[in-house]
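Trainee: I would like a close look at one helix and its neighbour. Please take me through the packing step by step.

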Amino acid sequence: MILVINTGSSSIKMALLEMPSERVIAEGAAVRLGEEEASLNWNVGGDIQHVALPAAGPDVAMQQMLAILFRRMDKERITAVGHRVVHGGERFIAPTLLDDAVIAAIDELSHLAPLHNPPNLLGIRAAMRHLPAVAHIAVFDTAFHHAMPLHASLYAVPYRWYSEHGVRRYGFHGTSHHYVAQQAADRLGRSFSDCHLLTAHLGNGCSAAAIAGGISVDTTMGMTPLEGLVMGTRSGDVDPGLHDYMARQTGASLSEITAALNRQSGLLGLSGRSNDMRALLAAADAGDVRAGLAVDIFCFRLAKALAGLAVSLGQIDALIFTGGIGEHADVVRAKTVQHLSLLGLVLDAHRNSEHGRLSGGLISAVGAQVPVLVIATSEETMIARYVVDMLQRLDRTAE
């Protein structure tokens, strides 16, 4: 039994998986932590629990979630806990057994992901207090991308910025890209190490990756999760000179401008309405011009990025859409692929409208040069796989 925990700035997501069957025993989330409306939802073996947790923080929410879980099962059955950590820098390039030294090192990397690593650490510390007798293992979003070649990972800035300060492209969403790429290889009946794949993880945060020979060779996110595609509230790529220009125009500080690029931009900033793609598609259908423009820019920038990533592959064996938008927004997939016909990508309209449910995830047209797939991601499953691999390595070392 592997417990997977993902602690964010205002939420905790948790899942218990039986391995190696990958059967989900329990899953749920505590949301809006720190607010009066904080609550948790837990599905433990079909028994759905909803509990109000007014103003609760991560430690209280963790305690409540575990208490509900352990009313249904013996805590001694949990073998290990896998924790999602967003940024591992250059130090953590594989799942890592957590101890005081590793926790301190992750804390030192918080300047690279100030919105993500600190809450990840809160969750780790809380879980270790409540489950002190089992192994706790950190799985890093950046790790899957660590093997990117230097020509893909370095910025054209003074080299000492990299050598002295770690300025480089790290990439994120690694567990999701890795999981759906493996699933795609299985569906194509090919060895993962022999595939050249484009993956698009599209949710409130978005990134795309080029995966060849079983490793990520390029991706759209960079040193921070702000680089790359248009996202729910993040701008993605902008001219670096924008900071200086807007500081002079508005008197805003650099941190205020960065905050606006993170929290007030993307789909929300373009539309002035919402960061939710579902709401924007409905509004665009009703004639909202700015909502339609936000969707069009999102799709164009995604297609442009995918075409660029193809350079890193040499050939494309499949394109995979995943994440909340990637799995459910057929209009987004259609608009994006329309821009990519030069790469041999053509969708079947009916398969796409059905999200590939009746065709094994395949949404490309019959006879199309490149398969296009919709594959539901499962970062929890991928984290559990990493944890099992890590435990097996530890067992071999102990022998």
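Mentor: Here is a walk through helix α8 and its partner helix. This is a predicted model, where local features need pLDDT of at least 70, side-chain atom pairs count only at pLDDT 80 or more, and totals for chains, interfaces and linings use all residues. Residues are numbered from 1 along each chain as its sequence is written, and side-chain values use heavy atoms, with hydrogens and water left out.

Start with α8, which spans residues 254-263. Helices here are DSSP runs of H or I, at least four residues, numbered from the N terminus. Ile 257, Leu 261 and Asn 262 of α8 are buried (under 20% relative accessible area, 1.4 Å probe, protein chains only). Seen down the axis of α8, these buried residues fall within an arc of 140 degrees, so they line one face of the helix. The arc is that of the directions from the helix axis to the C-beta atoms. An α-helix has 3.6 residues a turn, so residues three or four places apart point the same way.

What do the buried residues of α8 pack against? They pack against α7, residues 242-250. The axes of α7 and α8 come within 9 Å and cross at roughly 115 degrees. Axes are lines fitted to C-alpha atoms over the stretch in contact, and angles run from 0 to 180 degrees between N-to-C directions. That makes α7 roughly perpendicular to α8 (65 to 115 degrees). From α7, the contact uses Leu 242, His 243, Met 246 and Ala 247. From α8, Leu 254, Ile 257, Thr 258 and Leu 261 take part. Contact means heavy atoms within 4.5 Å.

Definitions and conventions
Buried means under 20% relative accessible area, exposed over 50%, partly exposed in between (1.4 Å probe, protein chains only). Helices (H or I, at least four residues) and strands (E, at least two) are DSSP runs, numbered from the N terminus. Angles under 35 degrees count as roughly parallel, over 145 as roughly antiparallel, 65 to 115 as roughly perpendicular and the rest as oblique.
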